[in-house]
Each structure stands twice: as C-alpha cells, then as structure tokens.
Amino acid sequence: MAKLMEIRWHGRGGQGVVTAGKMLAQVALDSGQYFQAFPDYGPERAGAPIRAFTRVSPEPIHKHCQIQSPDIVLVLDPTLLEAIDVAEGLKEDGMLLVNTDLPPEKVRKKVGFQTGKVFTVDATKIALETMGREITNTPMLGAFVKATGLLSVEDLVAQTRKQFGDKFGKAVVDRNVEAIRRAAQEVQEG
Amino acid sequence: MSRFEAMDGNTATAEAMRQINPDVVAAYPITPQTSTVQTFSQFVADGEVDTEFIRVESEHSAMAACIGASSAGGRVMTATAANGLALMWEMVYIAASNRSPIVMPVVNRALSGPINIHCDHSDSMGARDAGWIQLYGENPQEAYDNCLQAVRIAEHEDVLLPVMTMYDGFITSHGLERVQIEDDEAVRDFIGPFKAHEPLLDIDNPVTYGPLDFYDFYMEHKRQQVEGMKHARRVIPEVAADFEKRFGRKYGFFEEHRLDDAELALVVLSSTAGTAKSVVDDLRSRGIKVGLLKPRVFRPFPAQELADALRDKAAIGVMDRSDSFGALGGPLFMELSAACKIHDVPAKIVDYVFGLGGRDTTPDQIESVVRDLADIADTGKIKQLVSYLGVRE
Amino acid sequence: MVDLNAGWRDIPRGGKIVEAGNAREYETGSWRAMRPVVDQEKCINCLQCWVFCPDASIIVENEEMVGFRYEYCKGCGICASICPVDAIEMVSEAEAESEAVGAASGSDRRPAKDE
C-alpha cells in the first residue's frame, strides 16, 4: 500500500471486534508499518453494537481523530445490517466485507452501497464448523487479507500462530488457522 | 536492544513502570487508567518487579500512601485520571510541598459532572496550581518516554518535585500504536539508583515530615517550591538531552511542526496536536503558511521560549481541551497570552475550546480554525476571542 | 427524550433528567444476543423470575407469569438461572427471530435501504 488505509470494524461486544483490530495492528507492526488500532467505547456490554478502527500506513500516522471516511468497512455480525448504517462514510471506491450468508448483490441493496467493492463470507458458519463458537474475527481476517491482498493468507496464518501460540493450546490455534484458510477460500466478491 | 511493539498508552506506561521498578505503588482503579495499574499489578504478581503494591480504598488514600512511602525513602509511583485526581486533591498539594518526587501518569479524562469517561484536560489543568511538574504526551511512545524522563526530573536534587505525565484518555490510553521499548538495562542505567533525601526511615538522622506552619514560615516554604520549579526549567532539557543521547528520540519544552516560516500558528496539546499536524501538512501543500506548536511541558510554563517561537507570527490559534469557567478563556490560552504580552509578541491570539468530554475533533474543524486565523491576519480584527469548537448551538 | 441533535440552549440545565420515568422510552431489547422463552406447562408462577429480573421485563398478570417484555429484555439469563423448575430457556436471538418466537423486538430496526 502506498498510503494511509483507514478501516472501520462493526460488531457486537464480545465478538472479538477489538481483538481483530489489534491482530491487524500486529500484522502491520511485523511488516514494518505504522498503525493505530482503537475502539469506539460506549456503555460496555456483551451484545451491544460496537465499532473499532484501524489505520495502517508506511508513514508515521499523526491523525488521532475518529475515522470519518474509511477505505474499508468490515461487518462481523450480520444482524447489524438491520440495526445501523454500516456504510456510513465509506469511500465511494471503498470496500465492504460482510459476515453473512447473503450474496454480495443482496448486501449491496440492503446497505445501499452501490459503488466500490462488496465481499461476503459466511464467517459465522465457518466459525461454528471449525471452532464450535461464534467468534468470527479470525475467519473475517482471513477473508480480509484475501479481499485486500494486504498480505498472503499464509503470512496471516504464520502471524496468528505467533500471536496466539503462547496464549492458547495448539488445538485452538489450529482451529483458528483452519477458519482463516476456509474464509479466504470462500469469500465472494459481487 | 530496543524492540518495537504494538502497545496502547496504558500498556506502554505499565512497561515503563516495570522497567523503573519503583519501591512502592499505591493505586486505585479508574477508567481510563485502570489497565495501567492492572497490567503493572500482573508484573508484581509474577515477580517481575520488586515493588510493594498497596491496594488502597480510594485515590485519596493512594496519594497519602505514596507520600508516606516517598517520605520513608522510596521511589514511588501511582496513576489516576479525572475524579480520581480530584479525590486526591489535598494530598496532591502535600506531595509537592513535602518535596516528594512521586511520578504519576494521569490519563486525561473529563471531570464530572455530568459523568463522562472520555478525554479532556479538565483534570490535569485543574491541578495546575498544585506544584507538580506537568508533561503532556501525544501518543503511546511519548507516554512511555515522558514516564521514564519524569523519574529523572522529579528526583534531581535541585528539583525534588512530583511529576504528572499526561496522555489522552481512550485515544492514547486504549489506542494501539507502534512503540519502541528500550532495553531494561539501558532504562535502568538512564533512571539511575534512587537517592533518598532526609528519609523517615533513616533512624540515625531522625526527621519529621508534615509540620504546621504559621504565617511566619508558610510563605518561605512556598518560595522554596518556586525555586524547585525554576531548577526544573534547567533540568528538563538536560534530562531530555541525555535521553536523546541514549535513545535517539528528541524532546524539549514543546515540539514545532513547520512553525519556522509560518505566518499562522496553532497551539495545541496532546493527541489533537497529531491531527493538527496532518492538517498543517495538508494546508501547506495548498500554499497556506501555517505551523503547529505542541507544548509538552506545561509546568513549569516555558513562557520565554514559547514567546520566542511565536514572535513573528501574525495570528495564533490556541486550542484548549478544558475551560476555566468565568475566566478570559481556557488555561493554555490565558497563560500563552500572558507570556506573549510580557515578552512582546505582537501576534493576535484567539482561543478555541474543543473536545470536552471526548468530543471528536476533525481535520475539518481544525481547518476552520486556520481559516479564522487567516482572516485575523488579513484584517487585524478578532471577530470572536473565545470559540467553542463543535458545540451544537 | 431529548433530540440527539439538540443545541446547548435546548437541553435541561446541568444534565438533569426532567421527564419522570423516561427510561421506559429507552428500549434496550436490541442489546440481546439470547432471549428467554418460557414453557408455560412447567411454570408454577412462583414469580422468582419477576423478583430477580434486573430490568422489570417479566410480565405478571393476576399473579401469573405471562411473558417477557422483549422491548427491554437484555438477555442476561438471570430468569432462566433462577427458575426452580427450569421453565425458562435461553435461545439465540438469531434463531428466535427467524422462528418468530415471542414478540420480535423492533425498536432499533432500521428499514433496509431497498424497502
């Protein structure tokens, strides 16, 4: 990437949205880039819609305000498409990546984002099938790197093993890796 | 070997505390500081530091315990924010008057009420008369660096004053950025060993702390504190120079961004200064000669140096992330205006109170400030001395 | 409740809340990830769920537990936990909505852009 990339994440409290932003920050760190990863806090509770923000740049990042016009929006919880305007501020040539079982065309209509790119992946299904839990952040990251080409899927896998290796057992990490690979394979553009 | 990490301001500060390895930490949690002390307490639990960690029942007790420990003869730290700082109010003054070199990160958060957990500078600005040295950091790197330098500044035998190091709540405290963490031994070497001055636990040289003063001595004791602050003006750049020599990062009383040949100047503290830098760069590419001055040291207030840096500007826009109700404007504006008046800086100065209670301040809003300054520079007229940026009318 | 775009002149001084009981207008049902469902066959009307519900979301009529106020229920699960006869079950909100179990909470629902 030649310039500053601004990313907004939508999810519900407890789904690992903030962690996803942090994982991406770690990826940026390891590739020698500058980054910011910060949440948008309101009253904390599991299930509440929350947002997280990530900035990635090859240059030092000075802006500390919230992200008004993201280049990329990721939606980790499909029910949010009904609840909030996930495409608000999204750049015209931006990218929307949604966890849903709907095809990209339907998501475009639902959200009202007609320009730019739309990707969908059923991260919930992948998460439930690979990990038995509805934590969609790792498959969404897999889909994200595939859709953006930010880094290779295998680089993300290596990152994930490195980041989670100590905290969780091998079995858990392997399941996350499987989720990443599946999501990268199954993500659709439309 | 230093290493690069993805850390938020609180984690970076906790890391600094681990490397400093204070004798005592007495602290009480408060958003958005909590994770600083929580992370540090894990270091204590894991035996990574030798610190005696005292879990107290309130911030007032935290500072009281810190003063006790410091007077006993130890290197002492704590951390707080907003109403936590307010609750320890009387003890904060006493830490300074006792000449206790306590170091306290303060994560800037709005004072209640209404209750608000987000960023503004009302807490630390409210304490500006307490006799503490005050440093502001823009991002997690500066939070870390200021914390380390604070120990050297506080403990310098010509200073012996407590230091509060500020960084913005949530924006910096909970925002991950790339931070260069220095090697443990290099930090230990920079900080140096703690030297106690007339400690209580030196039973061969008994001493009493905290006496009563009548009007015959109180003023002289206060004059001593003033002297400590005067020495701090010399010591702060000395410590910064040593820091730069060892770690390569440069610090002063303030940071200048494209200020030299600027006609218009923004003066703003902390994280918003970062956003202002990107606005300055953008406007410069459009031919507008604007620059930024980001103060780092608020106490002691480097009046002469600030005045010299702003001497040739046509218009100056100060941005205050706190207000002083009933005063001429926000605290940074008032002190800078006084400095400019006394040191013969002819520039017109206006104030923008912004970001109270965590209100986001956008590049567009900062641009509008610069437009106002351009207008003032052109016409020589100030339409509004103090504005409230972003308030809904 | 106050208009979210109200200016400083239009809101009560000092942040006081001058409408009594206006918490009623703040429908928190959309916070839910799980919702309680009651099996009336098992329910013995002990009303412990009503006693312990932190959100006053159990509907009691004529001393009988008749249902849940899904506009407010946050899905904490305390009712299910406290029920001595396991008459209350927590089901996933997504499942419940698709099966149209109970009253759907529609307070936060925005119309989709193509509606």
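**Exercise 1. Is C:Asp86 buried or exposed?**

Work it out on this predicted model, then look at the backbone of C:Asp86 and of C:Asn45.

*Solution.*
- Start with accessibility: C:Asp86 has a relative accessible area of 54%. The cut-off for exposed is over 50%, so C:Asp86 counts as exposed.
- Now place C:Asp86: it sits in the loop of chain C between α2 (78–82) and β4 (88–92).
- Check the backbone: phi of C:Asp86 is near 50°, a positive value in a residue that isn't glycine.
- Do the same for C:Asn45, where phi is near 60°, again positive in a non-glycine residue. C:Asn45 belongs to the loop between β1 (34–38) and α1 (48–52) of chain C, and with a relative accessible area of 28% it is partly exposed.

**Exercise 2. Find cis peptide bonds in chain B and say where their prolines lie.**

*Solution.*
- Go to B:Gly113 and B:Pro114: the bond joining them is cis, with omega about -5°. B:Pro114 is in the loop that runs between β5 (103–108) and α6 (122–126) of chain B.
- Move on to B:Arg299 and B:Pro300, whose peptide bond is cis with omega near 0°. Here B:Pro300 is in the loop between β12 (297–299) and α11 (303–310).

**Exercise 3. Describe the overall build of chain B.**

*Solution.*
- Count the elements: chain B has 13 helices and 15 strands.
- Then compare radii: the radius of gyration is 21 Å, close to the 21 Å from the globule rule for 393 residues, so chain B is as compact as a globular protein of that length.
- For the extents, the C-alpha trace spans about 70 × 55 × 45 Å along its principal axes.
- Look inside: 57% of the 393 residues count as buried. Of the contacts with a separation of 6 or more, 80% are between residues 24 or more positions apart.

**Exercise 4. Take apart the interface between chains C and B.**

*Solution.*
- Begin with the contacts: 7 residues of chain C touch 4 residues of chain B.
- Next comes area: about 420 Å² is buried between the two chains, with carbon and sulfur atoms giving 43% of it. On the chain C side, C:Gly7, C:Trp8 and C:Arg9 lose the most area, together 55% of what that side buries.
- Then check charges: the interface has 1 salt bridge. C:Arg9 pairs with B:Glu393, and their closest N and O atoms are 2.9 Å apart.
- Finish with chemistry: the side of chain C that touches chain B has 3 nonpolar, 3 polar and 1 charged residues. The two chains also share 4 residue pairs in polar contact.

**Exercise 5. Pick salt bridges within chains A and B and see what they connect.**

*Solution.*
- Recall the principle: side chains of opposite charge can pair when their charged atoms come close.
- In chain A, A:Arg182 bridges to A:Glu129, with closest N and O atoms 2.7 Å apart. A:Arg182 is in helix α7 (residues 170–186) and A:Glu129 in helix α4 (residues 123–131), so the pair ties together parts 53 residues apart in sequence. A:Arg182 is buried at 19% relative accessible area, whereas A:Glu129 is partly exposed at 48%.
- In chain B, try B:Glu182 and B:Arg249, whose closest N and O atoms are 2.9 Å apart. These two residues lie in separate loops, so their bridge ties together parts 67 residues apart in sequence. Both B:Glu182 and B:Arg249 are buried.
- Last, take B:Asp312 and B:Lys313, a salt bridge with closest N and O atoms 3.0 Å apart. B:Asp312 is exposed at 54% relative accessibility, while B:Lys313 is buried at 4%.

How values were computed. Residues numbered from 1 in each chain as written. Chains lettered and ligands numbered in written order. Heavy atoms only, no water. Helix = DSSP H or I, 4+ residues; strand = E, 2+ residues; numbered from the N terminus. Buried < 20%, exposed > 50% of the residue type's maximum accessible area, 1.4 Å probe, protein only. Contact = heavy atoms within 4.5 Å. Buried area = accessible area lost by both parts, 1.4 Å probe. Salt bridge = Lys/Arg side-chain N within 4 Å of Asp/Glu carboxyl O. Polar contact = N/O pair within 3.5 Å; in protein donor to acceptor, adjacent residues only side chain to side chain. Nonpolar A, V, L, I, M, F, W, Y, C, P; charged D, E, K, R; others polar. Rg over C-alpha atoms; globule rule 2.2 N^0.38 Å.
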